[in-house]
Amino acid sequence: DNREALIAFRDSNYLVTALLFMAAYVAIVAFSLPGATIATLTGGFLFGTVLGTGFNVTAATIGATLIFLAARMGLGQVLKARLEASEGLVSRIGKGLDENQWSMLFFIRLVPAVPFFVANLIPALLAVPLYRFVVSTFFGIMPGAVVYTSVGAGLGAVFARGETPDLGIIFEPHILFPILGLCALSLLPAALKWATGRKDVLK
């Protein structure tokens with residue numbers, strides 16, 4: 001209903017719009033508030049696929065880094081104790097990070113099944129260096145961000161036809177399979193390390 005007014009405000013105040021949008025996105029991620037997907041779509045709608053992806057990824061990385069630092073400085077010991085006592089996905093991610101940091105960091109960013117806030121907290125509790133966390137977050141979330149931002153970039157045409165955006169597009173084979181391929185590639189060093197270790201044991 002307000003897309004024309006939003007676009008007009010953006011055109012008249014581009015820098016202010018970009019800064020306000022990124023600040024809101026950072027807050028959503030930093031406080032683990034609902035609405036990150038809507039924010040990503042909005043970035044595409046307001047700024048297009050290329051700039052929108054840049055703003056989305058940058059803001060999400062800043063927000064994730066704030067959670068990372070807060071967890072490390074404040075709740076680190078309490079959450080680490082709970083992590084060590086936990087079972088299932090969280091525990092397996094923790095053990096994987098202990099052994100293969102780069103591979104696991106990219107893997108938890110690329111796999112849609114890992115909640116974003118979990119991927120922010122666990123590295124903080126396992127002494128992952130800040131630069132590794134930032135680099136893996138920025139590049140690891142990029143494939144999914146490009147997909148959702150491109151959907152947002154086409155929102156104007158979608159709404160003009162009276163339709164709703166298809167957020168399930170990320171599960172389409174031509175999009176999902178390349179992302180899964182990146183996941184497999186991210187785990188390759190860990191797999192090679194495991195295979196080498198197995199050979200040493202067998203000897």
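# A guided tour of an all-helix chain

With the whole chain selected, the surface comes to about 11500 Å², of which carbon and sulfur atoms supply 69%; accessible areas here come from the Shrake-Rupley method with a 1.4 Å probe, and for residues only the protein chains shown count as cover. This is a predicted model, in which local features need pLDDT of at least 70 and side-chain atom pairs count only at pLDDT 80 or more, while totals for chains, interfaces and linings use all residues. Residues are numbered from 1 along each chain as its sequence is written, and side-chain values use heavy atoms, with hydrogens and water left out.

**The whole chain**

Switch to a cartoon view and follow the chain from the N terminus: the elements run α-α-α-α-α-α-α-α-α-α, which is to say 10 helices and 0 strands. Helices (H or I, at least four residues) and strands (E, at least two) are DSSP runs, numbered from the N terminus. Of the 203 residues, 38% are buried, where buried means under 20% relative accessible area, exposed over 50%, and partly exposed in between (1.4 Å probe, protein chains only). Among the contacts in the chain with a separation of 6 or more, 77% join residues 24 or more positions apart, a contact being heavy atoms within 4.5 Å.

**The nonpolar cores**

Next, select Phe 21, Tyr 25, Phe 47 and Phe 55, which have the most contacts inside the largest nonpolar core, a set of 27 residues. Helices α2 (14-30), α3 (36-85) and α8 (142-153) each supply at least two residues of this core, and the largest share, 12 residues, comes from α3. A nonpolar core is a set of buried Ala, Val, Leu, Ile, Met, Phe, Trp, Tyr and Cys residues joined through side-chain atoms within 4.5 Å.

Centre the view on Phe 47 and show its surroundings: leaving aside neighbours within four places in sequence, Phe 47 is in contact with Arg 10, Tyr 14, Thr 17, Ala 18, Phe 21, Gly 52 and Phe 55. A second, separate core has 5 residues, including Met 104, Val 111, Val 114 and Ala 119.

**The salt bridge at Arg 10**

From Phe 47, move to its contact Arg 10, and add Asp 11 to the selection. These two residues form a salt bridge, with their closest N and O atoms 2.7 Å apart; the term stands for a side-chain nitrogen of Lys or Arg within 4 Å of a carboxyl oxygen of Asp or Glu. A search of the whole structure finds 1 salt bridge. Arg 10 counts as buried because its relative accessibility is 17%.

**The loop at Ser 32**

Select Ser 32, in the loop between α2 and α3, and look at its backbone. Its phi is near 50 degrees, a positive value in a residue other than glycine. Most residues other than glycine have a negative phi. With a relative accessible area of 45%, Ser 32 is partly exposed.

**Helix α5 and the surface patch**

Now colour α5 (residues 101-110). This helix is largely enclosed by the rest of the structure, because 7 of its 10 residues are buried, namely Gln 101, Ser 103, Met 104, Leu 105, Ile 108, Arg 109 and Leu 110. Trp 102, also in α5, is partly exposed because its relative accessible area is 32%.

Keep Trp 102 and add Tyr 131, Val 135 and Phe 139, which together form a nonpolar patch on the surface with about 390 Å² of accessible area. Patches are made of residues with over 30% relative accessible area and no salt bridge, like charges being joined within 9 Å and nonpolar side chains (Val, Leu, Ile, Met, Phe, Trp, Tyr) within 5 Å. Helix α7 (residues 130-140) gives the most to this patch, with 3 residues. Not counting residues up to four places away in sequence, Trp 102 touches Tyr 131, Arg 132, Val 135 and Ser 136, and its C-alpha lies 8.8 Å from that of Phe 133, 31 residues apart in sequence.

**Two stops along α7**

Stay on α7 and select Leu 130, which is partly exposed at a relative accessible area of 35%. Leu 130 touches Thr 65, Phe 68, Leu 69 and Arg 72, not counting residues up to four places away in sequence; the C-alpha atoms of Leu 130 and Phe 68 are 8.3 Å apart, although 62 residues separate them along the chain.

Finally, select Thr 137, also in α7, which counts as buried because its relative accessibility is 0%. Beyond its neighbours within four places in sequence, Thr 137 is in contact with Thr 61, Ala 64 and Arg 109, while its side chain reaches the backbone oxygen of Phe 133 at 2.7 Å. That is a polar contact, defined as a pair of N or O atoms within 3.5 Å; within protein, one must be able to donate a hydrogen and the other to accept it, and residues adjacent in sequence count only if both atoms are side-chain atoms.
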